[in-house]
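Reader: Please take me closely through one part of this model, the space enclosed in its interior, and tell me what surrounds that space. I would also like to know how the backbone behaves around it, and how it compares with what is found elsewhere in the chain.

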Amino acid sequence: MNNFSTIVSTLLILGVIFWSFNSLKPSINASKNTNETSFSLNNALHHLKNISTKTHYVGSNEHKNVQNYIVRELQKMGLEPQIQTQTAINKKWFAATTAENIIAKIKGTNSDKALLLLTHYDANPHSSLAASDAGSGVVTILEGIRAFLAKGTIPKNDIIILISDAEELGLLGAQAFVDEHSWAKNVGLVLNFEARGSGGPSYMLMETNGKNSKLLSEFLATKPNFPAANSLMYSIYKKLPNDTDLTIFRENANINGFNFAFIGDHFDYHTAQDSYERLDRETLLHQADYFTNSLNYFANAKLSDLNSEEDFVYVNFPIIKMLTFPFS
């Protein structure tokens with residue numbers, strides 16, 4: 001009887017572990033949606049193929065070609081993109097350049113704070129094709145915004161699109177925007193789409209100078225279909241020296257935000273293997289799920305009161321998706 005109980009217990013534990021990991025990202029088979037107001041994987045992949053055929057580090061000819069492509073696509077949506085040309089110096093990373101950020105705004109009806117959608121379009125010097133890092137973020141925003149605008153609804157909050165430049169050199173485009181652009185003063189929340197590999201689940205990681213309970217509650221209120229996050233990873237992330245563009249918003253302007261980033265097949269990171277062919281399509285759909293649900297919610301949510309005095313512990317859990325409780 002004891003052996004039987006041990007076997008059953010082991011199978012149950014293995015089943016829960018498999019269920020937890022297997023449900024962390026969407027299936028490619030469930031993505032065939034031709035609705036004009038829904039995110040189209042085919043549209044996103046079309047953009048990705050066009051912007052990741054050649055390496056496009058800052059200063060290269062292809063870098064300018066990718067910039068022009070993104071600007072044209074935003075113009076097709078009826079937006080009025082601008083290029084913010086600004087020299088930035090990052091003493092922490094011993095880096096400097098004149099960044100060329102791509103920015104655009106969707107005007108809200110009654111905005112006290114703006115929602116900022118963030119990724120970067122430059123590739124790591126000198127061999128990366130940047131399909132995942134961060135071409136995946138670029139096409140998630142391009143296709144996600146197209147689908148959002150197709151609904152014809154006007155958001156309450158201003159929505160700022162920032163596709164930053166020179167992230168790979170030392171977060172210089174983000175710094176140029178935060179320190180020098182007038183729109184930065186009104187940002188209430190940032191959603192940043194990143195990658196440190198070419199597949200696997202996309203994890204949510206917060207950036208805040210305070211505690212996390214209100215941010216976590218708001219994240220769950222967006223009703224993501226595949227929330228992948230846990231407070232252990234969050235705690236480790238805060239201790240690592242790795243920064244993203246979002247770090248600049250937190251450190252320089254005390255603005256809260258969410259990173260959505262995947263880390264599977266990390267050996268592709270910053271290499272020629274970061275290609276269109278190797279990007280996991282289900283991972284791209286996972287980014288799209290975060291983007292769509294977060295944009296629909298935060299476009300109309302109150303963004304001026306996201307600070308908290310309490311930390312939550314949280315972990316993925318079968319059926320309920322995420323288990324949360326106060327750290328105390």
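Author: One convention is needed at the start: a residue counts as buried when its relative accessible area is under 20%, as exposed when that area is over 50%, and as partly exposed in between. By that rule N50, with a relative accessible area of 34%, is partly exposed, whereas V66, at 2%, is buried. Please keep in mind throughout that this is a predicted model.

Let me begin with the enclosed space itself. Rolling a probe the size of a water molecule over the atoms shows where empty space is left. When the whole structure is searched, 1 cavity of 30 Å³ or more is found, and its volume is about 40 Å³. Its lining is made up of I51, H56, V66, H120, Y121, D122, A130, D133, A134, G135 and V138. By class, these residues divide into 6 nonpolar, 3 polar and 2 charged. Helix α4, which covers residues 131-150, gives the most to this lining, with 4 residues.

V66 is a useful residue from which to view the lining. V66 sits in helix α3, which covers residues 61-76, and because its relative accessible area is 2%, V66 counts as buried. Leaving aside residues up to four places away in sequence, V66 touches I51, H56 and Y121, and these three are also named among the residues that line the cavity. For a sense of distance, V66 and K54 stand 12 residues apart in sequence, while their C-alpha atoms are 9.6 Å apart in space.

N50 gives a second view, from helix α2, which covers residues 41-51. At 34% relative accessible area N50 falls between the two cut-offs, so N50 is partly exposed. The side chain of N50 reaches the backbone oxygen of H46, at 3.2 Å. N50 and D122, the latter a lining residue of the cavity, are separated by 72 residues in sequence and by 14 Å from C-alpha to C-alpha.

The backbone deserves care here. Most residues other than glycine have a negative phi, and most peptide bonds are trans. Against that background, the peptide bond from D133 to A134 is cis, with omega near 0°. Both D133 and A134 belong to the cavity lining, and A134 is found in helix α4. A further cis peptide bond, again with omega near 0°, runs from P125 to H126, and H126 lies in the loop between β3 (114-120) and α4.

Positive phi values occur elsewhere in the chain. N254, although not a glycine, has a phi of about 55°; N254 lies in the loop between α9 (245-253) and β7 (257-264) and is partly exposed at 48% relative accessibility. K321, which is not a glycine either, has a phi of about 75°; its place is in strand β9, residues 321-326, and at 37% relative accessible area K321 is partly exposed. K223, just after α7, takes a positive phi of about 60°.

The cavity may also be set beside the largest pocket, which holds about 660 Å³ of space. Of the 26 residues that line this pocket, R196, N242, D243, T244 and Y269 are the closest to its centre. Here it is α5 (167-170) that gives the most to the lining, with 4 residues, and the lining of the pocket contains 13 nonpolar, 7 polar and 6 charged residues.

Finally, a word on the packed interior. The largest nonpolar core has 61 residues, and those with the most contacts inside it are L117 and F258. Apart from it lies another core, of 18 residues, among them L118, L162, L171 and W183. Beyond residues up to four places away in sequence, the residues that F258 touches include L215 and F219, both of which are also among the buried residues of helix α7, residues 213-221. The cover over the buried residues of α7 includes β5 (187-195), β6 (199-207), β7, α10 (281-298), β8 (312-317) and β9.

Technical notes: Residues are numbered from 1 along each chain as its sequence is written. This is a predicted model: local features need pLDDT of at least 70, side-chain atom pairs count only at pLDDT 80 or more; totals for chains, interfaces and linings use all residues. Side-chain values use heavy atoms; hydrogens and water are left out. On a 1 Å grid over the protein atoms alone, a cavity is a set of points where a 1.4 Å probe fits but cannot get out, and a pocket is an open set with protein on both sides within 12 Å along at least five of seven lines; lining residues have an atom within 4 Å of a point. Grid points are joined across faces, edges and corners, and a volume is the space filled by probe spheres set on the points. Helices (H or I, at least four residues) and strands (E, at least two) are DSSP runs, numbered from the N terminus. Ala, Val, Leu, Ile, Met, Phe, Trp, Tyr, Cys and Pro count as nonpolar, Asp, Glu, Lys and Arg as charged, and the others, Gly among them, as polar. A nonpolar core is a set of buried Ala, Val, Leu, Ile, Met, Phe, Trp, Tyr and Cys residues joined through side-chain atoms within 4.5 Å. Buried means under 20% relative accessible area, exposed over 50%, partly exposed in between (1.4 Å probe, protein chains only). Contact means heavy atoms within 4.5 Å. A polar contact is a pair of N or O atoms within 3.5 Å; within protein, one must be able to donate a hydrogen and the other to accept it, and residues adjacent in sequence count only if both atoms are side-chain atoms.
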